[in-house]
Amino acid sequence: MRALYCAGRGAADMHEASIALSLIDVASEVLREHGAARASALTVRVGQWSSVVPEALTAAFPACAAGTGLEGARLSVVTVPGVGECPVHGRVTLDVTRGLRCPECGAPTPTLLAGDELELDELELVEPDLEDV
């Protein structure tokens with residue numbers, strides 16, 4: 001297990017560094033499953049309500065990936081908006097500054113249908129050179 005020492009500048013950075021390490025562990029498992037040694041890019045989906053700061057995650061990733069099959073890989077973060085269920089208006093896109101309330105009528109939307117995701121969506125594997133085989 002790698003030390004959680006990669007980006008550690010503060011508590012917020014440590015949170016995203018820990019998440020980056022977890023994503024690298026998941027991606028490394030996918031690499032092993034497919035017999036690949038390296039990846040050139042990965043895409044993660046981060047919900048607006050997931051408590052993850054995409055900029056901090058992106059900043060932490062290179063240092064956390066050093067020495068792994070993800071070193072040098074491009075990290076793309078896709079932000080997923082929050083979607084709630086309003087009892088009057090049905091599915092509504094939530095505004096994080098207003099909380100879990102319908103943007104149309106202000107009614108509470110206690111059910112979050114989307115927006116709390118944190119998932120590895122895509123991983124681009126590097127084909128081994130014929131000389132490496």
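User: Taking helices (H or I, at least four residues) and strands (E, at least two) as DSSP runs numbered from the N terminus, how many helices and strands are there in the protein chain?
Analyst: A quick note before counting: this is a predicted model, where local features need pLDDT of at least 70, side-chain atom pairs count only at pLDDT 80 or more, and totals for chains, interfaces and linings use all residues. Residues are numbered from 1 along each chain as its sequence is written, and side-chain values use heavy atoms, with hydrogens and water left out. Going along the sequence, the pattern reads α-β-α-β-β-β-β-β. That gives two helices and six strands.

User: What share of the residues of the protein chain count as buried?
Analyst: Buried here means under 20% relative accessible area, exposed means over 50%, and partly exposed is in between (1.4 Å probe, protein chains only). For the whole chain, the accessible surface (Shrake-Rupley method, 1.4 Å probe) comes to about 7900 Å², with 52% of it belonging to carbon and sulfur atoms. Of the 133 residues, the buried share is 36%.

User: Which element gives the most to the largest nonpolar core?
Analyst: A nonpolar core is a set of buried Ala, Val, Leu, Ile, Met, Phe, Trp, Tyr and Cys residues joined through side-chain atoms within 4.5 Å. The largest one has 23 residues, and Leu-42, Val-44, Leu-57, Phe-61, Cys-64, Leu-70 and Leu-123 have the most contacts inside it. Two or more residues come from each of helix H1 (11-33), strand E1 (39-47) and helix H2 (54-65). With eight residues, the top contributor is H1.

User: And which residues does Leu-70 touch, not counting those up to four places away in sequence?
Analyst: Contact means heavy atoms within 4.5 Å. Across the chain, 66% of the contacts with a separation of 6 or more are between residues 24 or more positions apart. Leu-70 itself touches Ile-24, Ala-27, Ser-28, Leu-31, Ala-39, Leu-42, Phe-61, Ala-65 and Leu-123.

User: What is the strand order in the open sheet of three strands?
Analyst: Two strands pair if DSSP finds at least two bridges between them. Strand E3 (residues 83-86) is joined to E4 by four bridges, and the two run antiparallel. The edges are strand E4 (90-93) and strand E5 (112-114), each pairing on one side only. The sheet's pairing is antiparallel, and its order is E4-E3-E5.

User: Which residue in E4 is the bridge partner of Glu-85?
Analyst: E3 and E4 form a hairpin, with three residues between them. Within it, Val-83 stands opposite Thr-93. For Glu-85, the partner is Arg-91.

User: Where does UniProt place the "binding site" feature whose residues gather at one spot?
Analyst: This comes from an unreviewed entry; UniProt positions are given in the numbering used here, feature names are shortened, and annotations may be inferred rather than shown by experiment. The residues span 20 positions in sequence, yet no two of their C-alpha atoms are more than 8.8 Å apart, so they gather at one spot. The residues in the record are Cys-86, His-89, Cys-102 and Cys-105.

User: Is Cys-86 buried or exposed?
Analyst: Cys-86 is in strand E3, and it belongs to a second, separate core of five residues that also includes Val-92, Cys-102 and Ala-107. Leaving aside neighbours within four places in sequence, Cys-86 contacts Val-92, Cys-102, Cys-105, Ala-107 and Thr-109. Its relative accessibility is 2%, so Cys-86 counts as buried.

User: What is the relative accessible area of Cys-105?
Analyst: Cys-105 lies in the loop between E4 and E5. With neighbours within four places in sequence set aside, Cys-105 is in contact with Cys-86 and His-89. Cys-105 is partly exposed, at 40%.

User: Which residues does His-15 touch, again leaving out those up to four places away in sequence?
Analyst: His-15 is in helix H1, and an unreviewed UniProt entry covers this residue with the annotation "binding site". It is partly exposed, with a relative accessible area of 36%. The residues touched by His-15 are Ser-51 and Val-52.

User: What is the phi of Ser-51?
Analyst: Ser-51 sits in the loop between E1 and H2 and counts as exposed, at 59% relative accessibility. Although Ser-51 is not a glycine, its phi is positive, at about 70 degrees.
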